Amino acid sequence: MHTRTRVLVTGGAGFLGSHLCDRLIADGATVLCVDNFFTGSKDNVSHLIGQTHFEIMRHDVTFPLYVEVDQIYNLACPASPVHYQNDPVQTTKTSVHGAINMLGLAKRVRARIMQASTSEVYGDPEVHPQPESYRGLVNPIGPRSCYDEGKRCAETLFFDYHRQHALQIKVARIFNTYGPRMHPNDGRVVSNFVVQALRGDPITIYGSGEQSRSFCYVDDLIEAFVRLMKTTPDFTGPVNLGNPGEFTMMELAQLVLELTDSKSELVFRPLPIDDPRQRRPDITLAKQALDWEPKVALRDGLTETIRYFRHLLAR
Ligand code: NAD
Ligand code: UDP
Ligand code: UDP
């Protein structure tokens, strides 16, 4: 007999996954962390390895997985444009075959399953801020498509398993999230700017830097994940999870320079193809259904993130 909830976290050795494993262990769950270590690392969960209720398994979710669990958080998928475009076919496979396998597993063991979807399902949005009802403006054949369309297809699979097999699904559309344990060479904007500022290297602004993003601190997001998993069976989402504070990349660069007390210069680089011009979540639904909203301001979250990278770079 087991009394602890058995939770599978795919992508559990990644940035978000490792914070989720920490939280679940602290809440008294038994955690199975599954990862192929493509962008994640054992270092992110090394403090959990050896604990009785934590287990880590090297496995690629594009292959079937037979385990017994009560809940699944499906996070496996590279998240940074640099990494997901490195092997785009594998990215689509991870989202699509990975979703099929994890849904097949959830169906067999009757587990509740959450999908880490993304604001990228809205593409380069014409509606601003983005509510869940907005269907998006996604290019199906561009360099970002492997990620965007893979995630959109995963949402389709989640809803079809829900309708066809009565699975309990929870779909989270995550907006840009940052914090400690982002990979220093991840290529995402927060890690890039912080590492560049700390090293005194030029800050690389893509395009004019007038494009905007909304940045959520990792602790706020993990709180939302846990709340989402606990919602009643009829609540499926999709639900936007993110911080509605909106900043241009120029504003972000200035803030990072100020907080790191860095003299790095700004350099301008070409804007990547299909780079969304603006992004901000409408979190009305999350507020109402999860009684949740982000608490950590960008300035405070960046301070923690800078502290982390300072230690990492000093090693
Ligand atoms: P990450 O790259 O740090 O984590 C992804 C993890 O998945 C890594 O540990 C990687 O090794 C693992 N992985 C990749 N392919 C796999 C496969 N085929 N089998 C098993 N493991 C595999 O990125 P993250 O920021 O922690 O993102 C986690 C999830 O959240 C992803 O699904 C991502 O799409 C989603 N998401 C993140 C953000 C964000 O801003 N951080 C925004 C939207 C969506
Ligand atoms: N699957 C898995 N673990 C399980 C059950 C299923 O990885 O515990 C995989 C299985 O290999 C299959 C996929 O999930 O390819 C979808 O399973 P489902 O039962 O929905 O479909 P079917 O097996 O009928 O194709
Ligand atoms: N960006 C930038 N400099 C960098 C990395 C990214 O100006 O060194 C920009 C990028 O073009 C995009 C924004 O920052 O407009 C966010 O990029 P990221 O890759 O973090 O996330 P996404 O584009 O997936 O939201």
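This is a short walk through a structure with two ligands, its nonpolar cores and one enclosed helix.

Before we start, the model is predicted: local features need pLDDT of at least 70, side-chain atom pairs count only at pLDDT 80 or more, and totals for chains, interfaces and linings use all residues. Residues are numbered from 1 along each chain as its sequence is written, chains are lettered from A and ligands numbered from 1 in the order in which they are written, and side-chain values use heavy atoms, with hydrogens and water left out.

Let's begin with ligand 1. Of the 30 residues around it (a heavy atom within 4 Å), L16, D35, T39, Y147 and K151 come nearest. What lies 2.5 Å from an oxygen atom of ligand 1? That is a polar side-chain atom of D35. The backbone takes part as well: an N or O atom of V61 is 3.0 Å from a nitrogen atom of ligand 1, and one of L75 is 2.9 Å from an oxygen atom. The protein covers 97% of the 820 Å² of accessible area that ligand 1 has on its own (Shrake-Rupley method, 1.4 Å probe).

On to ligand 2. Around it sit P64, L65, Y66, I100, N101, G104, L105, K107, R108 and Y161. An N or O atom in the side chain of R108 is 2.6 Å from an oxygen atom of ligand 2, while a polar backbone atom of L65 is 2.7 Å from a nitrogen atom. Here the protein covers 65% of the 520 Å² that ligand 2 has on its own. Helix α3, residues 88-109, gives the largest share of this shell, 6 residues (helices are DSSP runs of H or I, at least four residues; strands are runs of E, at least two).

Now, the inside. The largest nonpolar core has 59 residues (buried Ala, Val, Leu, Ile, Met, Phe, Trp, Tyr and Cys joined through side-chain atoms within 4.5 Å). L20, Y73, F225, L241 and L252 have the most contacts inside this core. Helix α6, residues 218-229, gives the most to it, with 8 residues. Apart from this core lies another, of 26 residues, I72 and L103 among them.

Finally, why is helix α5 largely enclosed by the rest of the structure? Because 8 of its 11 residues are buried (under 20% relative accessible area, 1.4 Å probe, protein chains only). These buried residues pack against β7, β8, α7 and α9 (contact means heavy atoms within 4.5 Å). After α5 comes G200, with a positive phi near 75°.

How values were computed:
A polar contact is a pair of N or O atoms within 3.5 Å; within protein, one must be able to donate a hydrogen and the other to accept it, and residues adjacent in sequence count only if both atoms are side-chain atoms. Buried means under 20% relative accessible area, exposed over 50%, partly exposed in between (1.4 Å probe, protein chains only).
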